[in-house]
Every structure is written in C-alpha cells, then in structure tokens.
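Hi everyone, thanks for coming. I'd like to walk you through a structure that's new to most of you, so let's get it up on the screen.

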Amino acid sequence: MNFRIVPLFGSFQVANVICALAFANTTVIGLSAGIEAIRSLKGPPGRMENLGKSAQGATVIIDYAHTPNALKTLILNVRDDFPLSKISLVFGCGGD
C-alpha cells in the first residue's frame, strides 16, 4: 500500500512543496486547495523522475545530475526514500 501524499521523490522536492503550501496559506488559494493540488504534482522531466520498475522489480529513477555535488545529493535523497534498498548508479555526461 502506498501512503505517499507528495508524488515526488527527494527531500528537496518535499521541502519545496512545504514552502509552496506555506505561501498558498497566506493567499486566496488557501491551505486546503494547496493540499488538494499536491496529489497532481509532477516533477520536471529528468529530475528524480520515476520511470517505473525493472524486470526484477527495482524502482528505476532518472536524474540528469552530472556534477559530484549533484550526484551526492541524488544518492542521499534516494537513500532517504528507499532506506533499505541497494542503490545502483549509472551515470554519464553528454555535454556540448
């Protein structure tokens, strides 16, 4: 059973949602409407994007992180969301 309220991965994205709710609460939007809108949130393509499951049942996430700090942040956020899971990382850099 999935109890996720925020349909995004990564604590930084959850923090962004909390900030948006705080803002909504101070405007005519209101907190209730802000909370209702959370369920339909979608992150930007390629940023902690859930691609589904592998044939072996592993969750597959894509992120265009390519700097050492961005990769570190990505791994730490995945570890937060999947604390008991093994993490396999494949990365490369296209660049110009």
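One term before we start: buried means under 20% relative accessible area, exposed means over 50%, and partly exposed is in between, using a 1.4 Å probe and protein chains only. What you see is a predicted model, where local features need pLDDT of at least 70, side-chain atom pairs count only at pLDDT 80 or more, and totals for chains, interfaces and linings use all residues. Residues are numbered from 1 along each chain as its sequence is written, and side-chain values use heavy atoms, with hydrogens and water left out.

So, how many salt bridges does the structure hold? Just one, counting a side-chain nitrogen of Lys or Arg within 4 Å of a carboxyl oxygen of Asp or Glu. The partners are Asp-63 and Arg-47, with their closest N and O atoms 3.3 Å apart. They're 16 residues apart and link distant parts of the chain: Asp-63 is in the loop between strand S2 (59-62) and H3, while Arg-47 is in the loop between helix H2 (30-38) and strand S1 (49-53). Those helices (H or I, at least four residues) and strands (E, at least two) are DSSP runs, numbered from the N terminus. Asp-63 counts as buried, at 15% relative accessibility, whereas Arg-47 is partly exposed at 35%.

Arg-47 turns up again with Ala-65: leaving aside neighbours within four places in sequence, Ala-65 is in contact with Arg-47, Ala-70, Leu-71 and Leu-74, contact being heavy atoms within 4.5 Å.

Last stop, Leu-89: you'll find this residue in the segment after helix H3 (68-81), and Leu-89 is partly exposed, at 40% relative accessible area.
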